Amino acid sequence: MKKFLIKVGLYSAVLFFGLLCFEFSLYTQENEYSYKKHFIEQHLKDIKVLTLGSSLFEVSVDPSIIGDSVFNGSMSGIGNIYKNSATHQMALRYLPLMSNLKTLIIPFPITDAYAGSGTWKYTLSPAGRSCLCMSVKYLHVLTDPRDILYWPELVNSNMQFMKRFERTDEENRICDARGLLSRNRDLEHRKPDWDYVRSGINSNKTRRDTWSVIQAYYEVAEVCREHGIELIGVATPYYKTKQDQITAQMKSDYHYVISEIKKKYPEVQFYDYTCDKRFTSDDFQDAVHLNNNGARKFSKIMKEEILKR
């Protein structure tokens with residue numbers, strides 16, 4: 001029995017070491033998360049306009065249209081500004097180091113008034129677990145000791161990590177050199193049920209959750225004020241099927257959050273394009289994300305209406 005246990009222990013140790021080596025070999029393969037983190041760190045003095053946040057910006061902000069020294073640092077699943085989000089942590093980490101940064105732009109959709117409780121991550125969908133895994137492993141974001149459990153891609157990621165060994169770095173990072181994710185984002189690749197929206201936007205969150213968003217904005221706004229950085233929150237366009245889910249209470253809480261932020265930091269600007277009629281069905285990849293047509297249109301609007309005002 002003793003010899004059997006020793007063999008089991010040895011085999012387990014060998015297996016664990018092999019899995020650990022595999023995870024570290026994956027770590028050396030470039031992906032969107034590692035690419036954007038390293039780009040920001042290597043261009044701290046060069047970036048003048050930075051976007052951080054979720055996939056809402058990842059697919060809709062084209063720096064080549066907006067201007068030079070603009071970088072799209074947004075990534076799927078890293079959230080926008082609320083407590084315990086990767087975006088919140090990255091903003092606090094990098095903004096003080098970016099001596100020439102003039103403007104930080106963050107997605108601020110109407111649904112963000114209901115985010116930020118900090119408990120969402122432990123009941124994630126497979127796609128959500130994958131994004132959290134990439135945030136923990138490649139962005140080095142830890143908001144809770146349990147987050148370390150999301151580090152291994154073998155058990156947490158469904159992002160086809162094995163294919164990273166077959167592809168070039170450029171193919172692995174998915175986005176272009178300045179951060180826009182545009183591959184296969186056109187009408188030809190749109191799903192037949194692209195406008196379908198799952199029911200269940202949570203309109204019953206407490207004020208404590210809302211205050212989590214406000215307090216996180218306070219922290220980022222304070223850093224921006226100290227370093228002369230303009231902070232802007234932008235609600236990207238929604239297709240009408242998503243617009244139909246927005247209730248009067250959601251709108252009320254959304255404007256409540258904005259008013260509370262502006263009481264303390266009146267210089268923070270907000271723009272709401274949720275129901276902008278300039279965007280048609282041909283501009284969407286799904287009900288909440290723009291396709292390449294919409295990204296070009298939205299980037300031109302951002303350049304003319306937000307950055308040139």
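Where is Pro-96 found? Pro-96 sits in the loop between H5 and E3. Keep in mind while reading that this is a predicted model. Here are my notes, point by point.

1. Let's stay with Pro-96 for a moment. With a relative accessibility of 36%, Pro-96 counts as partly exposed. Setting aside residues up to four places away in sequence, Pro-96 touches Ala-91, Val-223 and His-227. Have a look at Leu-44 too: Pro-96 and Leu-44 are 52 residues apart in sequence, yet their C-alpha atoms are 9.6 Å apart in space.

2. One step before that proline comes Leu-95, and here the list of partners is Met-90, Leu-101, Leu-104, Val-220, Val-223, Cys-224 and Ile-229, again not counting residues up to four places away in sequence. Among those partners, Cys-224 is buried, at 1% relative accessibility. Val-223 turns up in the contacts of Leu-95 and also in those of Pro-96.

3. Now for the largest nonpolar core, which has 57 residues. The members that touch the most others are Ile-40, Leu-50, Leu-95, Met-98, Leu-104, Tyr-217 and Leu-231. The elements that give two or more residues to this core are the helices H2 (32–42), H5 (86–94), H6 (126–138), H9 (207–226) and H11 (248–264), along with strands E3 (103–107) and E4 (230–235). Helix H9 gives the most, with nine residues. There is also a second, separate core of 21 residues, and Trp-194, Val-197, Tyr-239 and Ile-301 are included in that one.

4. While you have H9 on screen, find Thr-210, which lies in that helix. Is Thr-210 buried or exposed? Thr-210 is buried, because its relative accessible area is 0%, and the cut-off for buried is under 20%. Leaving out neighbours within four places in sequence, Thr-210 is in contact with Ala-113, Asp-253, Tyr-256 and Val-257.

5. Next, the charged pairs. How many salt bridges does the structure hold? There are 12 salt bridges. As background, side chains of opposite charge can pair when their charged atoms come close. Lys-37 and Glu-41 form one of these bridges, with their closest N and O atoms 2.8 Å apart. The two are four residues apart in helix H2, so about one helical turn separates them. Lys-37 is buried, at 7% relative accessible area, whereas Glu-41 is partly exposed, at 33%.

6. Helix H11 has a salt bridge to look at as well. Glu-260 pairs with Lys-263, and the closest N and O atoms are 2.9 Å apart. Both residues lie in H11, three residues apart, which is about one turn of the helix. Here the acidic residue, Glu-260, counts as buried at 11% relative accessibility, while Lys-263 is exposed at 63%.

7. Further along the chain, Glu-304 forms a salt bridge with Lys-308, and the closest N and O atoms of this pair are 3.9 Å apart. Why does the pair still count as a salt bridge? The reason is the cut-off: the nitrogen has to be within 4 Å of the carboxyl oxygen, and 3.9 Å is within that. Glu-304 is partly exposed, with a relative accessible area of 47%, and Lys-308 counts as exposed at 52%. Elsewhere, salt bridges that share partners join Glu-23, Lys-137, Glu-153 and Arg-164 into one network.

8. On the surface, look for a nonpolar patch formed by Leu-15, Leu-19, Leu-154 and Val-155, which together have about 370 Å² of accessible area. Which helices each supply at least two residues of the patch? They are helix H1 (2–27) and helix H7 (153–156). Val-155 lies in H7 and is exposed, with a relative accessible area of 60%.

9. Finally, the cysteines. A disulfide is a covalent bond between the sulfur atoms of two cysteines. A search of the whole structure finds zero disulfides. For Cys-21, the nearest cysteine sulfur belongs to Cys-133 and is 18 Å away. Because a disulfide needs the two sulfur atoms within 2.5 Å, that pair does not qualify. Cys-21 is partly exposed, at 39% relative accessibility.

Conventions
Residues are numbered from 1 along each chain as its sequence is written. This is a predicted model: local features need pLDDT of at least 70, side-chain atom pairs count only at pLDDT 80 or more; totals for chains, interfaces and linings use all residues. Side-chain values use heavy atoms; hydrogens and water are left out. Patches are made of residues with over 30% relative accessible area and no salt bridge: like charges are joined within 9 Å, nonpolar side chains (Val, Leu, Ile, Met, Phe, Trp, Tyr) within 5 Å. Accessible areas come from the Shrake-Rupley method with a 1.4 Å probe; for residues, only the protein chains shown count as cover. A salt bridge is a side-chain nitrogen of Lys or Arg within 4 Å of a carboxyl oxygen of Asp or Glu. Buried means under 20% relative accessible area, exposed over 50%, partly exposed in between (1.4 Å probe, protein chains only). A nonpolar core is a set of buried Ala, Val, Leu, Ile, Met, Phe, Trp, Tyr and Cys residues joined through side-chain atoms within 4.5 Å. Contact means heavy atoms within 4.5 Å.
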